[in-house]
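Let's take a walk through this model, one region at a time. Have the viewer open and follow along.

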Amino acid sequence: MTDATALAAAIADGRISARDAMAASLARARDVPGAISLMLSEDEALALADSAAPGPFSGVPFLGKDLGAVVRGLKQSAGSAAIANRVEAPLQDCALFALFRAAGLVPFGLTAVPEVGLALSTEPEGRPPATNPFDATRTPGGSSGGAAAAVASGIVAIAHATDAAGSIRVPAACCGLWGLKPSRGVSPMGPDYNNWLMGIASELVLARSLRDVKTALACVATTDGRMTPRVAVILPDTCDDTQVNATLAAAKVLEAADCIIQDGPPSSPSDRYLSRPMSLIRMILAAALHEGLTATGVPDDELPQLLRAARAEGAALTGTDLFAASRDIMQMSDIILEFFGDADAILMPVLSGPPPMLGAFPMDHTDLDAHFLKMEAMAPNAAWANVAGLPALAFPAGFENGLPVGAQLIGRPNSDTALLEFAQPLAHMIDIPFPHPIAGLPK
């Protein structure tokens, strides 16, 4: 298997050194400029590789995301030049990256994001867009699109990613990768909690294999819970036949492994289920945007029009609005858990169709309604796992017309480890033909 675990084994066996693996990643990164927003110098990156900690990923090159958990020595700008001009590189890792380093990973750069993460495509203003390695006219998704492009194009075998409204799972589905949005509070987000977002956001990795995701989770968190072999399948009519067929194929794989497959719940609560999660997420993101930009001192005239509109929306929110939103999150969590019935997992598509073309999420307008409706239309099954704080695992379930097709398994709260074990029959469901090998991995 070609993944981060295999690269770590090659380094441990002496088939390649950690320094040479890093050199290969640096060289490959220069060929995929849209995936990376910032890198250490070559000397700095090679020195870090030489001093990698022992662990399951010892010596494996790694990339942080330019949004969320902070990395020592790498200035995070959330895809915004205006923010980059007003912040300094952190002197210490956050809790999550301290654990990533302890696992042997070697962070040497940050991956590209849409400005402040407010899109499901990764095309920050003034920089080359991140493109889908399977079709350069399409997006690798967002907001962890740079991370997905980096892994799928072979710059690294594994990369940090975050998910507040599908931002791990959407890029995973676009690029044929595995990605877990952990349960609320499972991945450490301290000491600053800058990406907490009232509990809708979680952080972990994107990778080419299930085993890499399992190892990454085990390195940063422990979770309880067990799962019964019962899966409810939900196939929204907003998803095209390709997405539906891939999800059904995954159901057959699980059924062959003695899982009980059943139809999802009736659609009676569908109006609340479909409309409320994204509206709550919109409110939280607007409030966070206003607070963060104000604290950083970024003026409106340095922002794209869409971000100005979102900032104004956040500024207009009252404390009462946000107090009500916190209550609505808990109410929606109960409603969403009703969809499980007597099952412990739900299987459904991630996307409604193929990855959109580049340019699908412009920011040169102020129509927030249209923007969020477009995001919900692209990933209609993502937001409610964030609102309910559920673990959601995106995985490759098909490959059609030269593009990967993803599906997702969603578990009950804090069943993250059990969910990954439950997904084991899917690990070899399909062999995605990545167009580029992992940099440095011996053949």
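A residue is called buried here when its relative accessible area is under 20%, and exposed when that value is over 50%. Keep in mind throughout that this is a predicted model.

## A buried alanine in helix α7

A good place to try out that cut-off is Ala-172, which is found in helix α7 (residues 169-175). With a relative accessible area of 1%, Ala-172 is buried, because buried means under 20%.

What does Ala-172 touch, leaving aside residues up to four places away in sequence? Its contacts are Leu-177, Trp-178, Gly-179, Leu-206 and Ala-394. There's also a long-range pairing to look at: Ala-172 and Leu-393 sit 221 residues apart in sequence, yet their C-alpha atoms are 9.4 Å apart in space.

## Helix α2 and what covers it

Helix α2 takes in residues 18-30, 13 residues in total. At 1.5 Å a residue it should span 18 Å, and the C-alpha atoms at its ends are 19 Å apart, so the two figures agree.

Which residues of α2 are buried? They are Ala-18, Ala-21, Met-22, Ser-25, Leu-26, Arg-28 and Ala-29. These residues cover an arc of only 165° around the axis, so they lie on the same side of α2. The cover over them includes the helices α1 (4-12) and α3 (42-50), along with the strands β1 (36-39), β2 (61-65) and β3 (106-111).

## Strand β3 and its two partners

Now pick out β3, one of the elements that cover α2. Six of its six residues are buried, so β3 is largely enclosed by the rest of the structure.

β3 pairs with β1 in the antiparallel sense, over three bridges. With β2 it runs parallel, and five bridges join those two strands. Gly-109 in β3 is a handy landmark for both pairings: Met-39 stands opposite Gly-109, and so does Leu-63.

## A β-α-β crossover

Further along the chain, strand β7 (residues 230-233) and strand β8 (residues 260-263) run parallel and are joined by four bridges. To find the pairing in your viewer, look for Arg-230, which stands opposite Ile-260 in β8. Between the two strands the chain passes through helix α9 (residues 241-256), and this β-α-β crossover is right-handed.

## Helix α11

Helix α11 is made of twelve residues, 305-316. The same kind of check works here: at 1.5 Å a residue the helix should span 16 Å, and its end C-alpha atoms are 17 Å apart, which agrees. Its buried residues are Leu-306, Leu-307, Ala-309, Ala-310, Arg-311 and Gly-314.

## Cysteines

How many disulfides does the structure hold? The count is zero. Take Cys-94: the closest cysteine sulfur belongs to Cys-219 and is 15 Å away, which is too far for a bond. Cys-94 is also buried, at a relative accessible area of 7%.

Cys-239 is in no disulfide either, and the nearest cysteine sulfur, that of Cys-174, is 13 Å away. Cys-239 has a relative accessible area of 8%, so it counts as buried too.

## Backbone oddities

Most residues other than glycine have a negative phi, and most peptide bonds are trans. A few places in this model go the other way, and they're worth a look.

Two peptide bonds are cis. One runs from Gly-142 to Ser-143, with omega near 0°, and Ser-143 lies in the loop between β3 and α6 (145-152). Another joins Gly-190 and Pro-191, where omega is about 5°. Pro-191 lies in the loop between β5 (178-181) and β6 (202-207).Then there's phi. Ala-78 has a positive phi of about 55° although it is not a glycine, and its place is in the loop between β2 and α4 (81-84). For Asp-258, also a residue other than glycine, phi is near 75°; Asp-258 is in the loop between α9 and β8. Are these residues buried or exposed? Ala-78 is buried, at a relative accessible area of 10%, whereas Asp-258 counts as exposed, at 65% relative accessibility.

Technical notes:
Residues are numbered from 1 along each chain as its sequence is written. This is a predicted model: local features need pLDDT of at least 70, side-chain atom pairs count only at pLDDT 80 or more; totals for chains, interfaces and linings use all residues. Side-chain values use heavy atoms; hydrogens and water are left out. The expected span of a helix is 1.5 Å times one less than its number of residues. Buried means under 20% relative accessible area, exposed over 50%, partly exposed in between (1.4 Å probe, protein chains only). The arc is that of the directions from the helix axis to the C-beta atoms. Contact means heavy atoms within 4.5 Å. Two strands pair if DSSP finds at least two bridges between them. A crossover is right-handed if, with the strands pointing away from the viewer, the path from the first strand over the helix to the second runs clockwise. A disulfide is a pair of cysteine sulfur atoms within 2.5 Å.
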